[in-house]
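Me: I am new to this structure and would love a close look at one part of it. Could you take chain B and walk me through how its pieces fit together?

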Amino acid sequence: MTTKTSAYKHSLIPQNPGWLPRTFRFAAWLGWQIESNWADPFVFAIYSVIKPISSAAILVVMYSVITKGAFENPVFPYIYLGNAFYIYVGAIMAGISWAVIEDREHYRMLKYMYIAPLHYPTYLLGRGVARFLTGSISVFITIAFGVLFLNVPLNIYAADWGLFFVSLGLGVLMLGFMGLLLGSITMVIVNHVWFLGEAVAGALFLFSGAIFPLEVLPAWLRPVGYAMPLTYWLELMRRALIGDVARAFPTLAGFSNMELIGILLATTAVIGLAAFLTYRYCDYRARELGYIDRVTNY
Amino acid sequence: MQQAIFTKKLSRIYKLRGGKKTEPKELIALKDVDLEVKQGELFGLLGPNGAGKTTLIKILTTLLAPSSGEAWVAGHNLSTDPDRVRPLINMVSGGESSGYGLLTVRENLWMFAQFYGIPSQVANQRIKDLLEVVGLGDRLNTKSSDLSTGLRQKMNIVRGFLTDPEVLFLDEPTLGLDVGASRDVRRFIRSWVDQNEGKTLLLTTHYMVEADELCDRVAIINNGQVLACDTPARLKRDLQKDAIFRMEVSPLNGAGAGVFERLSGVRKVTHEAKDGSSTLEFILAEEDALGAVVNTMTQQDIHILNLQKREPTLEDVFVSLTGKSMAEVEKSGD
């Protein structure tokens, strides 16, 4: 007669609190080494400039063709800034889930990280720090390019920097939680997992009001956008930098900045809770399925 | 003496998905494994590939959940307290080239030490000392992607010892290493256990010599079950009353090894064909049975090219327990 084993009881909060800062710090260090060491510094610098400008250029050309060059229309800065800040979504959210794939398939170190006395959710969040930093370079270059060459109406003296940094901090936290959610799901998928991060980032692009107001969506799809913290975050980031122009669209015009921060805070908390609970379940399932060290060579 | 590892009816069943129209199959990787490893022991798990050794290590290192049964490592229950187990253990898997290739050898090792909370200065000194021991002292600042597979394996072995674990799991640590490097690693493993009282090391291997040379006790495992567990000397002692012969003969000409198994006094026979000849290993209940074996060979027109009597090895113990050599088990996939 064998004893049926219950689910491994895995604490979300580590028994040794010293694990948290240590895990975060060295995961961030590792992430930065990986992000910054893959190429010669000169090549890395070129890549950092060309990639965001190329991405923005595609959008600008499309906008120019469709609107016949109406760059003075408030739609343009709305789209341009939404697109610029969306770089963070791909960088942080998809980047964190990518860390699971990289560690498991490429470096084959996931199992060693997993059995080390570190807090794995914190490790994943730490790995996102480097993505945030490299993403910030891209966001800065994209916005600077827009201001210098495309007349994006950003006045650095008029911008609400307090709102900007509060929103940025909350947004990064929210994207970190979304990354943890996606990373957790990645742990229980072994085949065809490579495209998950990008696919989710691409899908959310449609519903977050990044490049068009939610009113453009069919009525039955709009609730998806309203339920997502990304929508409120992008609105806050636009308002912080270009103020009234960002309010030109009806989507969230009825909300004050404080109300938007409150909604962002609440939805971030919900996403955070969902991320940790999902991690807890996926961690258990991954161990049950034997996926922690599964290498597919796909 | 305290137990470093204790398992109670530990089982693991994998569900293997078949094609779209076929039902998933179940593979029993471990079946009701009861194991006790004492603190301070160098314990070996010996068995062919696919026997369940790695599955057992994965469960004991918290990587894999068992299907049923319970296990304790360093006094903590794996089901309820994995977070208490992890700071006390470490693991190295052989035959793989894991590691962050963008980092240098020192950076790879230092980072791990940091995750275990080892002060930087202590970590750096340990890294230096351990790399010297395994002959990697001059590769401290080499990117690990520039190391050969064997050298990367050595780096990973250092990673295992670096954190000074209470219980260290080494899964086929010398797999893929050349003869000299394997010898160095074995020597280091033995000295680490000898010099660090109370530290426990569980080693899996399918190399008989490695288990025989290194381990205080050995568990022989096959098809997910522990068949025997004792010191290498005691395991072999039971066979010492038997006579073990190794014969190199001309090809068996269609006659299988089964013809010998039916002879009186023949306990086990294994057969391996190679390069135009056959190697037969006989475990005989008594030496006198050799006469009948030789007569049968003459009748079958099989010529003896070489005949040796030898002392029993752990391979013979495995054969006596399973009826097959480890190579035969691996080939047949049993």
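Reply: Happy to! One definition will help before we start: a crossing of two helices is called left-handed if the near helix is turned anticlockwise from the far one by less than a right angle, and right-handed if clockwise. Please also keep in mind that this is a predicted model.

Let's begin with a pair of helices. Helix α3 (residues 105–115) of chain B packs against helix α4 (residues 120–133) of chain B at an angle of about 130°, and their axes are 10 Å apart. Angles of 65 to 115 degrees count as roughly perpendicular and those over 145 as roughly antiparallel, and α3(B) and α4(B) are therefore oblique to each other. With the definition above in hand, you can look for the handedness: the crossing of α3(B) and α4(B) is right-handed. From α3(B), the residues that make the contact are Val105(B), Arg106(B), Leu109(B), Trp110(B) and Ala113(B), while α4(B) brings Ala123(B), Asn124(B), Ile127(B) and Leu131(B). Sorted by class, the contact of these two helices has seven nonpolar residues, one polar and one charged.

Next, have a look at strand β13 (residues 277–284) of chain B. Six of its eight residues are buried, so β13(B) is largely enclosed by the rest of the structure. Strand β11 (residues 243–249) of chain B runs antiparallel to β13(B) and is joined to it by seven bridges. To find this pairing on your screen, try Ala243(B), which stands opposite Leu284(B) in β13(B). Strand β12 (residues 266–274) of chain B is also antiparallel to β13(B), with eight bridges joining the two. Here Lys274(B) has Ser277(B) of β13(B) as its bridge partner. β12(B) and β13(B) form a hairpin with two residues between the strands, and in that hairpin Asp275(B) takes a positive phi near 45°.

Now for an open sheet of chain B. Six strands build it, in the order β6-β7-β8-β3-β9-β10, and their pairing is mixed. The edges are β6 (89–93) and β10 (225–230) of chain B, each of which pairs on one side only. On average, and ignoring direction, neighbouring strands of this sheet are turned by 15° against each other. At one edge, β6(B) pairs in the parallel sense with strand β7 (residues 167–171) of chain B, over five bridges. One pair to pick out there is Asn90(B) and its bridge partner in β7(B), Leu168(B). Helix α11 (residues 314–322) of chain B lies across β3 (42–46), β9 (217–222) and β10 of chain B, and α11(B) runs at about 40° to β9(B).

Stepping back, chain B has twelve helices and 14 strands. Its C-alpha atoms fill a box of roughly 75 × 50 × 45 Å along the principal axes. Of the 334 residues in chain B, 45% are buried. Among contacts in chain B between residues at least 6 apart in sequence, 72% join residues at least 24 apart.

Finally, chain B has a partner. The contact between the chains takes 34 residues from chain B and 36 residues from chain A. On the chain A side, the largest share, eight residues, comes from α1(A). That side of chain A divides into 16 nonpolar, twelve polar and eight charged residues.

Definitions and conventions: Residues numbered from 1 in each chain as written. Chains lettered and ligands numbered in written order. Predicted model: local features only at pLDDT ≥ 70, side-chain atom pairs only at ≥ 80, totals over all residues. Contact = placed C-beta atoms within 7 Å. Helix = DSSP H or I, 4+ residues; strand = E, 2+ residues; numbered from the N terminus. Nonpolar A, V, L, I, M, F, W, Y, C, P; charged D, E, K, R; others polar. Axes fitted to C-alpha atoms, helices over the stretch in contact; angles between N-to-C directions. Parallel < 35°, antiparallel > 145°, perpendicular 65-115°, else oblique. Buried ≥ 20, exposed ≤ 12 C-beta atoms within 10 Å, placed from the backbone. Pairing = 2+ DSSP bridges.
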